[in-house]
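Okay, thanks for coming, everyone. I'll put the structure up and then walk through a few pieces of it.

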Amino acid sequence: MDWLYAHDYDLARQVLQRGIGVMYLIAFCSTAAQFRVLLGEHGLLPVPHLLHGYSRGPSLFRLRYSDRLLLVVATAGIILAASVVLGLPQLGPPWVPMLVFLALYGLYLSIVNVGQTFYAFGWESLILEAGFLAAFLGSNQVPPPTPILVLFAWLVFRLEFGAGMIKMRGDVVWRDLTALYYHHETQPMPNPVSRFAHHLPKPVHKLEVLGNHFAQLIVPWLLFFPQPIKSAAAAVIILTQLWLVTTGNFAWLNWITIVLAFCGVSDTVAHWLLPAIPLGWGAPTEAPIWWLVLVWAVTLLMVVLSYWPARNLLRHRQLMNASFNPWHLVNAYGAFGSITRPRYEVIVEGTTEENPDDGWREYEFKGKPGNVMRMPRQYAPYHLRLDWLMWFLPLRGGPERWFLVFLTRLLEADAPTLRMLRLDPFDGDPPRWVRARLFIYRYSTRAEKRETGAWWVRDEITEFVPPLSLRAS
């Protein structure tokens, strides 16, 4: 029975449990700060309107939603996640961290299943699946279970190999190695290093793409090899993700991938690299029979549910970031199957003038590009949901319902909505008119940056939403 226990993976369990706890902490903090404005009782897409004829999966809000209940759920999630980060549940018997992680999973599942377009990102399903698996890693009183660590490796495989295959199938620029000619400039939310990365020589960009293909199409297979190959594969994935962290804002996607990759790092290899990491963590050598039965029952469930994502990996029309059940367990993952070439930005403006031809002033968002003189900021792993949806807006052919409600909130000078922005040009007073214009943005060249100090150069394309007003003209 000794093969059921991964005695050399105590560090991996610590990193997985505490790291996933950190991701849940960030996710619940993001929800507490943003959900009510975006999806609350008076939000841009109010959850109470969704609940009529609701059939989107299990949720605590299925029968009733209120902003107060949402805050209770988010606060409970923050407290539970913080306890995991501190390692408190892990000190008890294995059922204690199991219940805590299942509670985190259930609370966040309730949010995601009513989150609509603001929660329709692959990392939402990823954190749910990771949290569910973490529930069965056990506590410090039992050895790490081998089947669960294998399921974590299978999760990383689907995450990385799925992303690699969707790229190869999705866009010629990944096959001809030119994707990075565009991606650093057109990604949803650049960071301070993105412009520097964009201006690297084109041969370096081709090497970046080759490295990405190696890390996503070849390395994930090595997670199922013996040590030290498995640890080397995990290290490649971690280093690749750190480069993505350095050059972009992708919420917690890269950070949770780094955490998950530790499922392949053995204590022996970690100690060889850093002797300060102990070899003996003091975990028992055996676990209760009831715990082993539960672990194998969960493993069997996840193996059965793996049929659909495994089949998806073999399909020519591969689905990206898809859940095959309302519980968001064993999902299909992938990112940037196609690359946008020009960068489109919707710029929102308002004016207090009677005549909508005069006096326009620009609203500024926290993360998305707007003011060409402003350096992009680093926000990840925190997720600015409104800013991300603003990137998708011009790619979907026109203004969506939530955006028109957003413009109405600006006309009302709605204080919670204005707090979602970096700059309200009217200092809390309502404008008479608002509008949205569509621009093409590109990074300034090195010469342009030296001459003007601008990070971006932009050109107007068209009017995205004509002037709107709540008052009679």
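So, let me start with a question: which residue meets Arg-341 in a salt bridge? It's Asp-171, and the N to O distance between the two side chains is 2.8 Å. Before I go further, keep in mind that this is a predicted model.

Where do those two sit? Asp-171 is in the loop between helix H6 (146-170) and helix H7 (172-175), and Arg-341 is in the loop between helix H15 (307-314) and strand E1 (343-351), so this pair ties together parts that are 170 residues apart in sequence. Their surroundings look like this: Asp-171 comes out as buried, at 8% relative accessibility, while Arg-341 is partly exposed, at 32%.

In total the structure holds 15 salt bridges. Another one I want to show you is Arg-435 with Glu-349, where the closest N and O atoms are 2.7 Å apart. Arg-435 belongs to strand E5 (residues 433-443) and Glu-349 to strand E1, so here the parts tied together are 86 residues apart in sequence. Arg-435 is buried, at 14% relative accessibility, and Glu-349 is buried too, with a relative accessible area of 5%. There's a network here as well: salt bridges with shared partners join Glu-349, Arg-435, Arg-437 and Glu-460. And one more pair, Glu-400 with Arg-396, has its side chains meeting at 3.2 Å, N to O. Arg-396 counts as partly exposed, with 43% relative accessibility.

Okay, on to helix packing. As usual, two packed helices get described by the angle between their axes and the distance between the axes.

Take helix H1 (residues 10-39) and helix H3 (residues 67-86). Their axes come within 8 Å and cross at roughly 160 degrees, which means H1 runs roughly antiparallel to H3. The crossing of H1 past H3 is left-handed. If you want to click on the contact, H1 contributes residues including Gly-21, Leu-25, Phe-28 and Ala-32, and H3 contributes residues including Leu-70, Ala-74, Gly-77 and Ala-81. What kinds of residues make up that contact of H1 with H3? The split is 17 nonpolar, four polar and three charged.

H1 also packs on helix H4 (residues 95-112). There the axes come within 11 Å and cross at roughly 35 degrees, and H1 passes H4 in a left-handed crossing. On the H1 side, among the residues in contact are Ile-20, Tyr-24, Ala-27 and Phe-35, and on the H4 side you'll find Phe-101, Leu-104, Tyr-108 and Ile-111, among others. For the contact of H1 with H4, the residues divide into twelve nonpolar, two polar and no charged.

One more helix pair: H5 and helix H14 (residues 289-305). They pack at an angle of about 155 degrees with their axes 11 Å apart, which means H5 is roughly antiparallel to H14. Glu-129, Phe-132 and Leu-133 of H5 meet Val-298, Leu-301 and Met-302 of H14. By type, the contact of H5 with H14 has five nonpolar residues, no polar and one charged.

Now, how many residues of helix H12 (residues 253-261) are buried? Eight of the nine, so H12 is largely enclosed by the rest of the structure. The buried ones in H12 are Leu-253, Asn-254, Ile-256, Thr-257, Ile-258, Val-259, Leu-260 and Ala-261. And what covers them? The cover includes H1, helix H5 (122-134), H6 and helix H11 (229-247).

Helix H16 (residues 385-392) has a similar story to tell. Seven of its eight residues are buried, so H16 is largely enclosed by the rest of the structure. The buried residues in H16 include two tryptophans, Trp-388 and Trp-391, along with charged residues such as Arg-385 and Asp-387.

Last stop, the segment before H1, where Ala-6 lies. Is Ala-6 buried or exposed? Buried, with a relative accessible area of 7%. Leaving aside residues up to four places away in sequence, Ala-6 touches Pro-144, Thr-146 and Leu-149. For a sense of distance, the C-alpha atoms of Ala-6 and Asn-191, 185 residues apart along the chain, are separated by 39 Å.

That's my tour, so over to you for questions.

Note on methods:
Residues numbered from 1 in each chain as written. Predicted model: local features only at pLDDT ≥ 70, side-chain atom pairs only at ≥ 80, totals over all residues. Heavy atoms only, no water. Axes fitted to C-alpha atoms, helices over the stretch in contact; angles between N-to-C directions. Helix = DSSP H or I, 4+ residues; strand = E, 2+ residues; numbered from the N terminus. Parallel < 35°, antiparallel > 145°, perpendicular 65-115°, else oblique. Left-handed = near helix turned anticlockwise from the far one by under 90°. Contact = heavy atoms within 4.5 Å. Buried < 20%, exposed > 50% of the residue type's maximum accessible area, 1.4 Å probe, protein only. Salt bridge = Lys/Arg side-chain N within 4 Å of Asp/Glu carboxyl O.
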